[in-house]
Amino acid sequence: MHDQPDAPATDDEDDNGYDRPSKSHVKREMLALTDLGKELIALSPERLRQLPLAERLYEAIREAQRTTSREGLRRQTHFVGKLMRDAPADDIRRQLDIWRNGSREETAAMHRLEKLRERLLDDDTALTELLNLYPGADVQHLRTVIREARKEARANTELQQGQEPKRKHYRALFQALKDLA
């Protein structure tokens, strides 16, 4: 308890007060940057070149990728984390997120194409629906590929055990659909 009335804050109190981040908060930020550095070390050189990295940071990451000893890698990783303090971490995180989510979107698109291929092989009306969506599509080529893929599927049902099924036209149909999209 104070007997003195509240005095206005002086410059010393502002410097030693709670207006700065705590040590724990600073440490969490440094660990987050080190973790981001670990993610960068795991990237391919082609992907690294696409990121907004300073030359010194890029070289430190490449050195970490070449380091084989466990202790050396640990030390180099911490050095990368230290250099990350001056890097545009938010921009780097954004790009990494785009690469991660982009691959999910691509996978979903491939699954949609696979389902469409199965519908085209099973149902003649699926081609009409597809042509309504893509009026500029090469109808003759699609019909030919679908017909050949169906023949191939019938022939594959009659294979003996141990014989390899043929997939040439099945894959060609997928490629034709991929080219449309």
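Where does Thr34 lie? Thr34 lies in helix H2, and that helix is a good place to start our tour. Before we go on, please keep in mind that this is a predicted model. The mean pLDDT of the chain is 86, with 90% of its residues at 70 or more.

So, back to Thr34. Is Thr34 buried or exposed? Its relative accessibility is 10%, and because buried means under 20%, Thr34 counts as buried. If you click on Thr34 and leave out residues up to four places away in sequence, you will find that Thr34 touches Thr77, His78 and Gly81.

Now let's look at the whole of H2. With 19 residues at 1.5 Å a residue, H2 should span 27 Å, and its end C-alpha atoms are indeed 27 Å apart, which agrees. Thr34 has company: the buried residues of H2 are Leu33, Thr34, Leu36, Gly37, Leu40 and Ile41. These buried residues cover an arc of only 160° around the axis, so they are on the same side of H2. Turn to the other side of H2, and you meet Lys27 and Arg28, which are exposed.

Next stop, helix H4, residues 55-66. We can try the same kind of check here. The 12 residues of H4 should span 16 Å at 1.5 Å a residue; the end C-alpha atoms are 17 Å apart, and that agrees. Which residues of H4 are buried? They are Leu57, Tyr58, Ala60, Ile61 and Ala64. Their arc around the axis is only 165°, which puts them on the same side of H4. What do these buried residues pack against? Their partners are helix H2 (23-41), helix H3 (45-49) and helix H5 (70-83). On the other side of H4, Glu55 and Arg56 are exposed.

For those of you who like side-chain details, have a look at Tyr170. The charged end of Arg117 sits over the ring of Tyr170, at 3.7 Å from the ring centre. Arg167 also lies over the face of Tyr170, 4.5 Å from the ring centre. How many aromatic pairs are there, if ring centres must lie within 6.5 Å? The count comes to 0.

One word of caution before we finish. Over residues 10-14, pLDDT stays under 50, and the model has 3 contacts for this stretch beyond four places in sequence. Where pLDDT is low, the predicted coordinates should not be read in detail. Thanks, everyone!

Conventions: Residues are numbered from 1 along each chain as its sequence is written. This is a predicted model: local features need pLDDT of at least 70, side-chain atom pairs count only at pLDDT 80 or more; totals for chains, interfaces and linings use all residues. Side-chain values use heavy atoms; hydrogens and water are left out. Helices (H or I, at least four residues) and strands (E, at least two) are DSSP runs, numbered from the N terminus. The expected span of a helix is 1.5 Å times one less than its number of residues. Buried means under 20% relative accessible area, exposed over 50%, partly exposed in between (1.4 Å probe, protein chains only). The arc is that of the directions from the helix axis to the C-beta atoms. Contact means heavy atoms within 4.5 Å. Rings of Phe, Tyr and Trp (its six-membered ring) pair if their centres lie within 6.5 Å; planes under 30 degrees apart count as stacked, over 60 as edge-to-face and the rest as tilted. A charge sits over a ring if NZ of Lys or CZ of Arg is within 6 Å of the ring centre and within 35 degrees of the ring normal. pLDDT is the predictor's confidence in each residue, from 0 to 100.
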